[in-house]
Amino acid sequence: MIAAFGQCEFAVTETLRLLSEVQDGAVTLKIKPTLKGRFAQLHDLLGCEGNYARQGRAIIDPLRAIQERIELRNLLCHGCVDLYTSDSGAWIARIKMMAVAKGTSHLKDELLTEEGASDLLKQLMTQSKTLLHRLDQFQKNLASTRQATPSAPAGQASR
């Protein structure tokens, strides 16, 4: 599961980096430091009101699907796991994490069954593959719009 999140995190950050380079002298895009912030930032740029809404409309749904699972990623990466097993070998994981925001602590607690984890992993893999494919295509389109047309003189290159 963590690998799927990692690949999506890299692709989202790379897309934001490419978008910041495309803005040729305009207000530079400052990439947010948190994963949740970067997903929200890309969502804002590709959403209905964003600068790249037309180009990013195919990305919004898979981006939102992964975005909704960021809290699970944080629990898996930073939480404390207690694993309970039955005599038959089935397991349940209890994942707890103390989060601090604005000077207040909040306990996050999640139960994950073996069957639930398997279903979740299948969904996550499907969603992440879709998002990665669409972000890759979007990045290729960005790169192609930045390159000058080879047949045009250097001073008159089209974009």
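**Why these labels? A friendly walk through a predicted model**

Author: Searching the whole structure turns up 1 aromatic pair.

Reader: Why is the pair of tyrosine 52 and phenylalanine 138 called edge-to-face?

Author: Rings of Phe, Tyr and Trp (its six-membered ring) pair if their centres lie within 6.5 Å; planes under 30 degrees apart are stacked, over 60 edge-to-face, and the rest tilted. Here the centres are 6.4 Å apart and the planes stand at 85 degrees, so the pair is edge-to-face. Tyrosine 52 sits in the loop between α2 and α3 (53-56) and phenylalanine 138 in helix α6, so the pair ties together parts 86 residues apart in sequence.

Reader: Good to know! What sort of model is this?

Author: This is a predicted model, where local features need pLDDT of at least 70 and side-chain atom pairs count only at pLDDT 80 or more, while totals for chains, interfaces and linings use all residues. Residues are numbered from 1 along each chain as its sequence is written, and side-chain values use heavy atoms, with hydrogens and water left out.

Reader: How do you know whether tyrosine 52 is buried or exposed?

Author: Buried means under 20% relative accessible area, exposed over 50%, and partly exposed in between (1.4 Å probe, protein chains only). Tyrosine 52 has 11%, so tyrosine 52 counts as buried. Phenylalanine 138, at 4%, therefore counts as buried too.

Reader: What makes glutamate 9 and arginine 38 a salt bridge?

Author: The rule asks for a side-chain nitrogen of Lys or Arg within 4 Å of a carboxyl oxygen of Asp or Glu. In this pair the closest N and O atoms are 2.8 Å apart, which meets the rule. Glutamate 9 is in helix α1 and arginine 38 in helix α2, 29 residues apart. With 9% relative accessible area, arginine 38 is buried, whereas glutamate 9, at 23%, is partly exposed.

Reader: Why is glutamate 71 called partly exposed?

Author: Its relative accessible area is 29%, so the label partly exposed fits. Glutamate 71 also forms a salt bridge with lysine 108, the closest N and O atoms being 2.6 Å apart.

Reader: How do you know that the span of helix α2 agrees with what is expected?

Author: Helices are DSSP runs (H or I, at least four residues), numbered from the N terminus. The expected span is 1.5 Å times one less than the number of residues. For the 12 residues of α2 (residues 35-46) that should give 16 Å, and the end C-alpha atoms are 17 Å apart, so the span agrees. Helix α2 is also mostly covered, with 9 of its 12 residues buried.

Terms used: Helix = DSSP H or I, 4+ residues; strand = E, 2+ residues; numbered from the N terminus.
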